[in-house]
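Good morning, and thank you for coming. Please look at the structure on the screen while I take you through a few of its features.

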Amino acid sequence: MTAEYSTSPMPKLTFIFGAILVVVGGGGYVFSLTNNTDHWTALIPAIIGVLLLISGAIALKNLMAGIHIALLIALVGALGMFMPLMNLGELFAGEAERPAAIISALISLIVLVVYIILGVRSFLAARRWKKG
């Protein structure tokens, strides 16, 4: 563990948020299996979560590179969640073809946006700390 890691909460947060996404994606896929609508796309949040876990491991060795990679993955993942959310109105109307996919995308988007906000705040705090 580097001294750089011990001052930043981001590697630990990256592991936590990655694990949350793995659970969301895995749960979504299992739910789709039980409803006979198994789609591999239910695993997309889990794939993003695994990539965040890998980025967290990179951050343990090189904080800046690992967290930059994780934030890029989170940004691309968050943007990718908008497509399933186009059917959010159908979900509320009770007419959604795959409601679990919409709910999973919404949870994933919220998790990713919170992670991005925490990451940006961490970078801003680090810059202020270096200047001061």
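Which residues are in contact with Tyr115, leaving aside its neighbours within four places in sequence? They are Met10, Leu13, Thr14, Phe17, Leu52, Ile67, Ala70, Leu71 and Ala74. I should say at once that this is a predicted model. Tyr115 itself is found in helix H6. Its relative accessibility is 0%, and because buried means under 20%, Tyr115 counts as buried. One of its contacts, Leu52, is 63 residues away from Tyr115 in sequence, yet their C-alpha atoms are 10 Å apart in space.

Let us turn to another of these contacts, Phe17. The structure holds 1 aromatic pair. Its rings belong to Phe17 and Tyr115; the centres are 5.5 Å apart and the planes stand at 50°, so the pair is described as tilted. Distant parts of the chain are linked by this pair: Phe17 sits in helix H2, residues 10-34, and Tyr115 in helix H6, residues 99-131, which places them 98 residues apart. Like Tyr115, Phe17 is buried.

Next, please consider helix H6 as a whole. How far apart are its end C-alpha atoms? The distance is 48 Å, and this agrees with the span expected for the 33 residues of H6 at 1.5 Å a residue. Several residues of H6 are buried, among them Ser104, Ser108, Leu112, Tyr115 and Gly119. As a general point, an α-helix has 3.6 residues a turn, so residues three or four places apart point the same way. What covers the buried residues of H6? The cover includes H2, H3, helix H4 at residues 63-80 and helix H5 at residues 88-93.

Helix H3 deserves a closer look. Ser55 is found in this helix, and with a relative accessible area of 2% Ser55 is buried. Beyond residues up to four places away in sequence, Ser55 touches Thr14, Gly66, Ile69, Ala70 and Ile73. Ile47 also lies in H3, but Ile47 is partly exposed, with a relative accessible area of 43%.

Ile47 brings me to the surface. Together with Trp40, Ile44, Val50, Leu51, Ile54, Ile58 and Ile69, Ile47 makes a nonpolar surface patch of about 690 Å². Which helix gives the largest share of this patch? Helix H3, residues 44-61, contributes 6 residues, the largest share.

To close, I would ask you to keep two residues of H3 in mind: Ser55, which is buried, and Ile47, which is partly exposed. Thank you for your attention.

Terms used
Residues numbered from 1 in each chain as written. Predicted model: local features only at pLDDT ≥ 70, side-chain atom pairs only at ≥ 80, totals over all residues. Heavy atoms only, no water. Phe/Tyr/Trp six-rings, centres within 6.5 Å; stacked < 30°, edge-to-face > 60°. Helix = DSSP H or I, 4+ residues; strand = E, 2+ residues; numbered from the N terminus. Buried < 20%, exposed > 50% of the residue type's maximum accessible area, 1.4 Å probe, protein only. Contact = heavy atoms within 4.5 Å. Patch = residues over 30% accessible without salt bridge, like charges linked within 9 Å, V, L, I, M, F, W, Y side chains within 5 Å. Areas by Shrake-Rupley, 256 points an atom, 1.4 Å probe, with all protein chains shown as cover. Salt bridge = Lys/Arg side-chain N within 4 Å of Asp/Glu carboxyl O. Expected span 1.5 Å × (residues − 1).
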